[in-house]
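Reader: I have a model open and want the reasoning behind its labels. Can you take me through them?

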Amino acid sequence: MNKVLVLGSAGYIGGSVCSRLLEGGNKVTGIDSLVNSKIDNTLYLEKKYPNNFRFIKADLVREIEKIILETKNEKFDVIIHFAALKSVEESQSNPELYWKNNVISTLNVLDLMSKKGIRKIIYSSSATVYGERVKSPILETQKFDSISCYGSTKIANELLLNDYANSGKIDALSLRYFNPGGVLENKIFKDYIDGPNIFPKLIKSSIASQSFKIFGTDYPTRDGTPERDYIHIKDLVSGHISGMNFISQFKGYESVNLGTGRSTSIHELIKAFENGNNIKLDVRHAQRRSGDIAVCYANVDKAKNILGWTAKCDVNDICRDLIDFYK
Ligand SMILES: NC(=O)c1ccc[n+]([C@@H]2O[C@H](COP(=O)([O-])OP(=O)(O)OC[C@H]3O[C@@H](n4cnc5c(N)ncnc54)[C@H](O)[C@@H]3O)[C@@H](O)[C@H]2O)c1
């Protein structure tokens with residue numbers, strides 16, 4: 001049994017990891033400001049796991065002392081840090097909010113680790129750290145390249161963790177997610193429907209009869225639409241469990257891609273979604289968006305070699321589970 005401090009525990013990925021950790025008999029303390037999530041699923045976890053789950057509502061930017069005080073009798077083996085704002089568009093128009101919320105919070109988390117004597121941290125990074133001048137399959141050795149303020153905050157946090165790990169103070173693992181989607185078997189935590197990701201947009205256009213926009217159909221790809229690496233939340237969650245096993249024995253800093261190693265075009269994704277749902281979406285074509293690249297998928301050799309982890313699901317599984325959930 002591990003004692004885990006989960007930051008951003010009420011969100012889509014953090015909540016999914018919490019529920020899997022609790023199913024596995026671990027003890028979890030969750031922290032979330034609820035800036036981008038609701039309390040309902042957290043209350044459900046508290047009720048289901050009264051002895052193993054505890055939630056503290058707190059903002060990592062403003063209320064780190066509150067967290068230190070409220071956990072003064074608790075010891076943690078590892079922190080998993082999901083807490084962040086994640087809209088690329090919003091980050092471009094409000095960089096101050098993103099630098100404060102995503103980076104000052106991480107500095108505060110490092111302070112908390114030092115005060116509470118916690119050495120191990122797993123950080124939610126993203127394929128966005130590779131920017132737009134990349135060749136897929138993308139290796140972890142690819143240089144950082146910022147294409148948005150959101151991306152800059154992910155790079156900054158990785159550099160921060162790397163520097164602290166180099167000084168010998170902590171051991172850190174950054175997991176660079178590609179494009180997550182789907183829901184767990186228990187269907188508790190889902191990506192918010194008005195969020196920036198593609199799966200909520202597909203769902204929204206199917207249930208609210210809104211058109212679905214493809215941004216750019218003239219890319220040098222299989223069918224002209226961008227290709228991405230869609231990873232099922234079940235696989236993403238199991239990647240964190242493998243990450244926890246890895247970090248418990250590891251000293252220093254590592255970064256690892258979590259993707260499937262395969263690409264799916266937007267047209268292929270829409271087809272999988274339509275076939276699974278037996279519907280036809282109202283698809284519209286729009287201009288390319290700046291910052292979107294043609295092809296982005298992971299090289300997953302490192303995840304296999306050092307975490308012993310590979311993704312098992314594909315886009316059909318993601319679409320099927322999502323559709324089941326919304327039906
Ligand atoms: N979903 C994706 O497509 C994706 C892809 C790559 C990386 N990531 C990263 O994974 C992490 C989790 O993403 P998600 O999809 O679950 O997002 P989410 O918005 O569902 O969850 C993030 C949670 O963090 C909380 N939070 C934000 N700022 C906080 C703060 N200052 N203090 C306390 N809580 C705070 C929010 O209320 C929310 O519950 C994020 O760091 C995100 O950048 C997500």
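Author: What follows runs through the overall dimensions, the helix packing, the ligand shell and two backbone details. This is a predicted model.

Reader: How do you know that the chain agrees with a compact globule?

Author: Compare two radii. A compact globule of 327 residues would have a radius of gyration near 20 Å. The chain has 19 Å, so the two agree. Along the principal axes, the C-alpha atoms fill a box of roughly 55 × 40 × 40 Å.

Reader: How many helices and strands are in the chain?

Author: The chain has 11 helices and 14 strands.

Reader: What is used to describe two packed helices?

Author: The angle between their axes and the distance between the axes.

Reader: Why are H5 and H6 called roughly parallel?

Author: Take the angle. H5 and helix H6 (residues 149-166) pack at about 20 degrees. Angles under 35 degrees count as roughly parallel, so the label follows. The axes of H5 and H6 are 9 Å apart. The crossing of the two is right-handed.

Reader: Which residues make that contact?

Author: From H5, they include Tyr-98, Trp-99, Val-103 and Leu-107. From H6, they include Tyr-150, Ala-156, Leu-160 and Tyr-164. By class, the contact of H5 with H6 has 11 nonpolar, four polar and no charged residues.

Reader: What makes H7 oblique to H11?

Author: Again, the angle decides. The axes of helix H7 (residues 198-207) and helix H11 (residues 315-326) cross at roughly 50 degrees. Roughly parallel needs an angle under 35 degrees, and roughly perpendicular starts at 65, so H7 and H11 count as oblique. Their axes come within 11 Å. H7 and H11 cross in a right-handed sense.

Reader: Which residues meet there, and how do they divide by class?

Author: Phe-199, Ile-203 and Ile-207 of H7 meet Ile-318, Leu-322 and Tyr-326 of H11. The contact of H7 with H11 has six nonpolar residues, with no polar and no charged ones.

Reader: At what angle do H1 and H8 pack?

Author: H1 and helix H8 (residues 233-249) pack at about 65 degrees, with axes 10 Å apart. The crossing of H1 and H8 is right-handed. Ile-13, Ser-16, Val-17 and Arg-20 of H1 make the contact with Ile-233, Leu-236, Val-237, His-240 and Ile-241 of H8. Those residues divide into six nonpolar, two polar and one charged.

Reader: Now the ligand. Which residues come nearest?

Author: Of the 28 residues around the ligand, Gly-8, Gly-11, Ser-37, Ala-84 and Ser-126 come nearest. By class, the shell has 13 nonpolar, 11 polar and four charged residues.

Reader: Which elements each supply at least two residues of the shell?

Author: Helix H1 (12-23), helix H5 (95-116) and strand S5 (120-126). H1 gives the largest share, three residues.

Reader: What makes the bond between Ser-136 and Pro-137 stand out for mention?

Author: The peptide bond joining Ser-136 and Pro-137 is cis, with omega about 0 degrees. Pro-137 lies in the loop between S5 and H6.

Reader: And what is the sign of phi at Leu-34?

Author: Positive, at about 65 degrees, although Leu-34 is not a glycine. Leu-34 lies in the loop between strand S2 (27-32) and helix H2 (40-48).

Technical notes
Residues numbered from 1 in each chain as written. Predicted model: local features only at pLDDT ≥ 70, side-chain atom pairs only at ≥ 80, totals over all residues. Near = placed C-beta within 6 Å. Helix = DSSP H or I, 4+ residues; strand = E, 2+ residues; numbered from the N terminus. Nonpolar A, V, L, I, M, F, W, Y, C, P; charged D, E, K, R; others polar. Axes fitted to C-alpha atoms, helices over the stretch in contact; angles between N-to-C directions. Left-handed = near helix turned anticlockwise from the far one by under 90°. Contact = placed C-beta atoms within 7 Å. Rg over C-alpha atoms; globule rule 2.2 N^0.38 Å.
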